[in-house]
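Visitor: I am new to this structure and would like a close look at a single part of it, taken slowly. Please explain each term as it comes up.

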Amino acid sequence: MVPADRGRFDLHRFSEILDLYLETAIKVNSRGYMARQFSSVMPVAAVFDMVSAMVPQPASYYEAGQLPNIADRLLEETLGRLVGWPHGRFEMVTTSGASLANMTAVLVARNHCFPQSWNGGLAAAGSRRPAIAVGEDAHFSVTRVAGIIGIGQDQVVRLPLNYRRQICPAGAAAALDSAAFCGLDVFCVIASAGTTSIGANDPLPELAALAKRHGAWLHVDAAHNGAFLVSDRLRPRLSGLELADSFCMDAHKTLFVPALCTLLFYKQKGMAETAFPQKDSYVFDPFEDEMTAVQSGVKNFECTKRPAILNLWLAWSLYGRHAFADKLEHLVTMTGAAHDYLASQPDFLVPHRPESNILCFVHRPAGVDSRRLSRLQIQLRDRVRAAGQYLLSKVDLDGRTMLRMVLMNHQIGLHDIEGVVAEIRRHARDILENDATESEQMRLFRLQPGE
């Protein structure tokens with residue numbers, strides 16, 4: 001900040017601010033970056049993002065953003081065809097992030113199952129207690145929805161997981177039956193295609209049948225693995241997605257475009273506008289024409305929305321879907337190779353084979369007590385991060401802390417995995433030697449005669 005208005009543009013100061021931003025940013029283009037579910041973006045998309053920021057087109061309304069609204073429809077049709085849905089029977093809206101997309105889909109499910117709730121609130125449900133059901137590894141934004149829309153956290157039914165950390169169909173059936181016995185009316189089952197913790201895909205065909213049996217909506221949070229649709233090789237991992245009533249996917253995660261760009265799909269055309277049924281004259285025309293037919297302003301929460309869809313449309317128009325597929329397939333293959341390498345090391349534990357580009361593991365040096373392992377993983381994460389060559393994240397699974405690797409850079413090779421393993425071992429030796437020294441010092445201190 002400056003103490004007073006300068007009244008002129010200072011090129012040197014602007015350069016300093018740019019340098020500050022770059023110096024303090026995570027280096028997502030580095031081969032040592034293996035931490036989070038965001039990546040560098042396609043350069044052409046980044047350039048186009050700058051142009052669209054300088055020439056803004058609010059994307060919710062056709063008259064203000066013609067191209068983004070048409071791009072929505074083009075990608076809607078292209079991706080819906082990959083899902084396997086019949087032409088003209090489904091619809092898509094774009095929004096800012098999967099958190100907002102998940103909430104919007106649950107609102108549609110609530111309004112569908114409790115038609116009076118938009119005006120009368122949950123009191124309109126009478127003696128019914130509306131509830132949602134989620135997997136134990138569901139993203140925190142999913143459970144947050146219950147509080148936001150007034151259902152309450154006590155009405156969130158947790159569905160147990162199997163050994164692969166997917167929702168267990170048998171356990172889910174028992175949980176839903178128990179919820180019904182307790183008076184809960186589960187109107188929406190939320191599954192995952194790519195959990196944040198390990199990238200697991202829930203068994204969608206079984207969950208779709210279970211949701212149908214209970215008269216519930218099935219929404220799939222496919223923020224991470226939904227992009228597998230573009231790959232002929234990876235698409236089978238999304239088996240059952242076509243049975244969902246709705247799903248969302250983040251293009252800014254695994255389609256490598258600038259954030260935020262989330263696509264929210266509905267299996268049945270006409271459902272999107274039921275999320276927010278309020279109509280106001282300045283945004284709603286009573287008679288649909290060729291302009292209002294393609295706009296999304298009355299179908300999502302945002303009024304002024306960035307035309308983020310254009311970044312994806314541009315890259316697709318230039319390169320086609322195989323550019324995305326090639327990178328995704330490489331990342332998933334490389335993550336599998338990382339799993340095999342770590343599993344072959346006697347001082348590493350890798351409990352789950354990855355289904356995507358997310359891998360969790362534990363470094364367990366010989367002689368380290370199991371009770372000490374979790375704290376060691378946190379110390380390793382912190383030390384590796386502080387050293388600056390690599391960046392890892394961590395996750396807690398079943399009360400045990402693990403290191404977490406997310407491969408988003410297609411330049412990463414096995415030699416980089418070997419490098420981070422060597423770095424982890426080096427820091428572990430330093431930590432354990434320091435622990436031994438401190439323990440010896442404490443022992444000697446206790447041996448000193450009292451004052």
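Guide: A residue is called buried when its relative accessible area is under 20%, exposed when it is over 50%, and partly exposed in between, with a 1.4 Å probe and protein chains only. The model is a predicted one, in which local features need pLDDT of at least 70 and side-chain atom pairs count only at pLDDT 80 or more, while totals for chains, interfaces and linings use all residues. Residues are numbered from 1 along each chain as its sequence is written, and side-chain values use heavy atoms, with hydrogens and water left out.

Let us begin with Leu397, which is buried, with a relative accessible area of 3%. This residue belongs to strand 10, where strands (E, at least two residues) and helices (H or I, at least four) are DSSP runs numbered from the N terminus. Setting aside residues up to four places away in sequence, Leu397 touches Asp137, Arg165, Ser197, Ile198, His352, Cys360 and Met402, contact being heavy atoms within 4.5 Å. Between the C-alpha atoms of Leu397 and Met34, which are 363 residues apart along the chain, the separation is 19 Å.

Strand 10 is part of an open sheet of four strands, whose order is 8-9-11-10 and whose pairing is antiparallel; two strands pair if DSSP finds at least two bridges between them. Strand 10 (393-397) and strand 8 (348-349) are the edges of this sheet, and because each has a single partner strand, one side of each is left without a neighbour in the sheet. Further in, strand 9 (residues 358-363) and strand 11 (residues 400-406) are joined by four bridges in the antiparallel sense, and Phe361 has Leu403 of strand 11 as its bridge partner.

Across strand 8, strand 9 and strand 11 lies helix 11 (residues 321-343), which runs at about 15 degrees to strand 9; such angles run from 0 to 180 degrees between N-to-C directions of axes fitted to C-alpha atoms, for helices over the stretch in contact. Helix 11 contains Glu329, a buried residue with a relative accessible area of 17%. Beyond its neighbours within four places in sequence, Glu329 is in contact with Ser231, Asp232, Arg233 and Leu234.

From here the view can widen to the nonpolar cores, each a set of buried Ala, Val, Leu, Ile, Met, Phe, Trp, Tyr and Cys residues joined through side-chain atoms within 4.5 Å. The largest nonpolar core has 98 residues, of which Val220, Phe247 and Leu312 touch the most other members. Helix 11 supplies the largest share of this core, nine residues. Apart from it lies another core, of 33 residues, including Leu100, Met103, Ala138 and Val142.

Val220 itself, leaving aside neighbours within four places in sequence, is in contact with Ala191, Ser192, Ala193, Leu204, Leu241, Ala244, Ser246, Phe247 and Cys248. Leu204, one of these contacts, is also among the buried residues of helix 8 (residues 204-213), together with Leu207, Ala208, Leu210 and Ala211. These buried residues of helix 8 pack against helix 7 (169-181), strand 4 (184-192) and strand 5 (217-221), whereas Lys212 and Arg213 are exposed on the other side of the helix. Just after helix 8 comes Gly215, with a positive phi of about 65 degrees.
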